[in-house]
Amino acid sequence: MKVRDVMSKDVQVARPGDSLQEVAARMAAGDFGFMPVADGDTLIGTITDRDIAVRAVAGGAACSAPVVEYISRDPHTARADDDLKTVLDAMGTKQIRRLPVLDKDGRLVGVVSLGDLSTRVKEKYAGEALEEISRA
């Protein structure tokens with residue numbers, strides 16, 4: 001099984017100039033807490049609801065501040081054609097809950113998350129990875 005077989009393809013993406021408030025509102029409306037941040041189709045980082053709350057708001061950022069100032073740069077990623085077992089093992093070892101997925105040309109094409117794995121993968125190793133990640 002490959003990452004492309006379980007990843008979410010309909011992914012909300014933040015742009016560098018989007019405000020913290022815009023991104024937080026989209027997260028609230030979609031009931032998710034993670035967004036890749038891309039300039040065009042090039043991934044430049046990720047932002048989580050925790051990044052917004054802890055890095056930005058707790059640090060006194062204005063809600064109109066651009067999200068690019070608070071992103072995590074150089075995130076771990078997976079390739080769409082990566083073997084799912086290998087990616088799951090890496091997620092478990094590194095305690096990563098969500099990964100942006102890139103195509104062979106490095107363009108953002110999706111996200112693979114614990115939620116995707118728990119609902120789409122019935123194999124034993126998905127549960128093992130979830131256990132590892134949940135220990136964090």
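These questions and answers walk through salt bridges and one helix in a predicted model.

Colleague: How many salt bridges are there in this model?
Modeller: Side chains of opposite charge can pair when their charged atoms come close. The cut-off here is a side-chain nitrogen of Lys or Arg within 4 Å of a carboxyl oxygen of Asp or Glu. By this rule, the count of salt bridges is seven.

Colleague: Which residue forms a salt bridge with R107?
Modeller: Look at the closest N and O atoms, which are 3.8 Å apart. That falls under the rule of within 4 Å. The partner of R107 is D41.

Colleague: How many residues apart are R107 and D41 in the chain?
Modeller: R107 sits in the loop between strand 5 (98-102) and strand 6 (108-113). D41 sits in the loop between strand 1 (34-39) and strand 2 (42-48). The pair links distant parts of the chain, and the separation is 66 residues.

Colleague: Is D51 buried or exposed?
Modeller: D51 forms a salt bridge with R55, with the closest N and O atoms 3.7 Å apart. R55 is partly exposed, at 39% relative accessible area. D51 has a relative accessibility of 9%. Buried means under 20%, so D51 counts as buried.

Colleague: Why are R55 and D51 about one helical turn apart?
Modeller: An α-helix has 3.6 residues a turn, so residues three or four places apart point the same way. R55 and D51 both lie in helix 2 (residues 49-57). Their separation of about one helical turn comes from being four residues apart.

Colleague: Which residue meets K85 in a salt bridge?
Modeller: K85 lies in helix 3 (residues 84-94), and its partner is four residues apart from it in that helix. K85 is partly exposed, at 31%. The N to O distance is 3.0 Å, and the partner is D89.

Colleague: Which residues of helix 1 are buried, and what arc do they cover?
Modeller: Helix 1 spans residues 20-30, and its buried residues are L20, V23 and M27. They lie on the same side of helix 1 because the arc they cover around the axis is only 75°.

Colleague: Which exposed residues does the opposite face of helix 1 carry?
Modeller: The buried side is covered by parts including strand 1, strand 2 and helix 2. Now take the face turned away from that buried side. The exposed residues there are A28 and A29.

Colleague: Which residue with a positive phi follows helix 1?
Modeller: Step past the end of helix 1, residues 20-30. The phi there is near 55°, and the residue is D31.

Methods: Residues numbered from 1 in each chain as written. Predicted model: local features only at pLDDT ≥ 70, side-chain atom pairs only at ≥ 80, totals over all residues. Heavy atoms only, no water. Helix = DSSP H or I, 4+ residues; strand = E, 2+ residues; numbered from the N terminus. Buried < 20%, exposed > 50% of the residue type's maximum accessible area, 1.4 Å probe, protein only. Arc of directions from axis to C-beta. Contact = heavy atoms within 4.5 Å.
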